[in-house]
Amino acid sequence: LGDVSGHRLLTAYGTLYRALGRLEAMGLLTSRWEDPNIPARENRPRRRLYTLTAAGETAAEERRALTDRTTRRARRRLAPA
Amino acid sequence: MSPALRIAVGLVRTWTRIYTWRMPSGSGERRRAEIESDLWEFQRDAHDHASVALRIVLRFVAGLPDDVSWRIEQEVAAGSFTQESVVFSARLAGAVFFVGTLWVIDVDATRPRSALSLSDPATVASHEVEELFIPREEAVSRTAPTGLRRLHAGIAATVRASMLSPLSVQSPETPSGPSFEVASIKLNTSGETRARLEPQPGGRLTGTSVTAAMLNRFAYDLPSFHPAAQSAAGPRFEVASVKPSNPDAADPLGLPTPVPPTRGRLTILNAPLRFLVLRAYGPLFNFQIIGGPDWQMSRRFDIQAKAEDPAADMGAMLPMLKTLLEDRFQLKVHTETREMPIYALVVARDDGRLGANIRPSNADCSNPAQVPDTAALLQAGRGVPCAIMPAPTRVAGSMTLRANGASMASLARFLTGTTGRIVHDWTGLSGLYDWEMTYDRGVTPPPALQPGSNLPLSPPPSESPALTTALQEQLGLKLESTRGPVEVLVIDSAALPEPD
């Protein structure tokens, strides 16, 4: 989050963590708490680390492909005969 | 920590404790710990505490419905769902939302604004400007609004922000930049309808019947304000900004930052030129782009643009992106057809029999506009109709794909993206098929094929067969390597854009 703090808005707290939970339940993400020694050493709260699974990577890729296909179909329909 | 930031953090912590109250220790404690970490990260590099506090409260308020829904889901899962708990949650969320909204308006009213925005609240919301008068020798002190007047200013400024051109909302704030010493903005009651905005001798700028949008274009020296500077060819954005990306904000995988599409606006963050060309001139695969400068993958850019038509969709804005690349990157390209290695997708057996994992489909894909709820279907363990989607796999490093009503042409397109060569459907099979295939995903990690990705191209192999082997053993199809004509886009030249 610190890396993107320059952005004007981030996803709402409730929306973000609910979505992460759902993605994890669907098997698209896995998560774990970081090594407790690290936050203790850096005097900060512990972080939950999320990792994209293989299924998650492909789902994201397929979603992008689906969007492209939908765009192409719409463009073909709008194109003059 | 400023009082505003302390209050915002306290608000989020308190609300989190409320909606996780009496939850099973695991999930409630996890949510509280995640929020605590999130708050800490958000405050870590905070310089403008009022702005950070405002963002925290906005994230808090916007997430309230999801917080309540999440708690209800947890209760339903635990079997302790009651009507009373729903009513209580809804009332509580409504009360917090109301109080939070008032507080946000109050914080927003105290935020420092540019000279034009600090005008009297009665004229801030006006879209008509009669005169701007700027004597440089005179200094004018402004009195900070208080009480109800401050609340009034906050509401007016919020409404104004939603009415102005998006550029003014997205433009970086420049509190330390030059500003007018005196600025007078009045409602135009003269009946004059001809707009005029002209610099005058002595450091003055006057305008009559000027709209806020015209002021924005003038202030940011946009091409649309100077029609002579526009090229005649191609549609273009009304306003556009191209900036080098912040290297600290880079995605750890090196991919462009995903941004939800918005009609009328195009936002692409952290993208190399190669990605921009793919997006603008697509649909193309990465291997179909030839040539280009050596920095096309290493230098990344943020593009924020607004189309004149607020309802413009991505299809309408892509030609504008082309024009933008030609203007700002001096991009010159041409298409040509080259003979390159390709694959032919064919039936493997001479007798035409297919594999055990494929059969003709009964799916109805006659309505392409009907988009299924993919997430719900996947969550229910069901296949997505008319699509090729991943299915859960328990073998590490493997990928299982499932198709419910996919044509051979769809499979060929998928294979084109994963093999890095054009794949033609030469199976001669018409109709739709249901199939499932498990293969070693190390051969084809899709994100690694994205331009700019830092992912290794060859992850550790699994025990599953390679894609080509799985294709033959499980579906009875195979890829035959051959050569054929491929349409490619050649980048003739490009230059680094001048900073905005």
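Colleague: Leaving aside neighbours within four places in sequence, which residues is Trp103(B) in contact with?

Modeller: Keep in mind that this is a predicted model. Contact here means heavy atoms within 4.5 Å. Once sequence neighbours within four places are set aside, Trp103(B) is in contact with Ala4(B), Ile7(B), Ala8(B), Ala53(B) and Val57(B).

Colleague: Which residues touch the most other members of the largest nonpolar core?

Modeller: That core has 31 residues. Two or more of them come from α1 (13-25) of chain A, and the same goes for α1 (3-19), α2 (25-44), α3 (49-62), α4 (64-78) and α5 (83-110) of chain B. The members touching the most others are Tyr13(A), Ile56(B), Phe60(B) and Trp103(B).

Colleague: How many residues does the second, separate core have?

Modeller: Among its members are Leu273(B), Ala307(B), Leu321(B) and Leu331(B). In total, this second core has 30 residues.

Colleague: Which elements do the buried residues of α11(B) pack against?

Modeller: Start with who is buried in α11(B): Met317(B), Leu318(B), Met320(B), Leu321(B), Thr323(B), Leu324(B) and Leu325(B). Their packing partners take in both chains: from chain B there are β3 (239-244), β4 (265-272), α10 (273-281) and β6 (300-306), and from chain A there is α3 (54-78).

Colleague: What span is expected for α11(B), at 1.5 Å a residue?

Modeller: This helix covers residues 314-328 of chain B, so 15 residues, and the expected span is 1.5 Å times one less than the number of residues. From first C-alpha to last, the helix reaches 20 Å, close to the expected 21 Å.

Colleague: And α4(B), how far apart are its end C-alpha atoms?

Modeller: α4(B) has 15 residues, so at 1.5 Å a residue it should span 21 Å. The model agrees, because the end C-alpha atoms are apart by 21 Å.

Colleague: Which residues of α4(B) are buried?

Modeller: Buried means under 20% relative accessible area. In α4(B), the residues that pass are Leu64(B), Asp66(B), Asp67(B), Val68(B), Trp70(B), Arg71(B) and Glu75(B).

Colleague: Which residue just after α4(B) takes a positive phi?

Modeller: Look just past the end of the helix, where phi is about 80°. After α11(B) there is a positive phi too, near 50°, at Gln330(B). Just after α4(B), the residue is Gly79(B).

Colleague: What pattern does chain A follow along the sequence?

Modeller: Chain A has 81 residues, and 33% of them count as buried. Its secondary structure comes to 3 helices and 2 strands. Read along the sequence, the pattern is α-β-α-β-α.

Key:
Residues are numbered from 1 along each chain as its sequence is written. Chains are lettered from A and ligands numbered from 1 in the order in which they are written. This is a predicted model: local features need pLDDT of at least 70, side-chain atom pairs count only at pLDDT 80 or more; totals for chains, interfaces and linings use all residues. Side-chain values use heavy atoms; hydrogens and water are left out. A nonpolar core is a set of buried Ala, Val, Leu, Ile, Met, Phe, Trp, Tyr and Cys residues joined through side-chain atoms within 4.5 Å. Buried means under 20% relative accessible area, exposed over 50%, partly exposed in between (1.4 Å probe, protein chains only). Helices (H or I, at least four residues) and strands (E, at least two) are DSSP runs, numbered from the N terminus.
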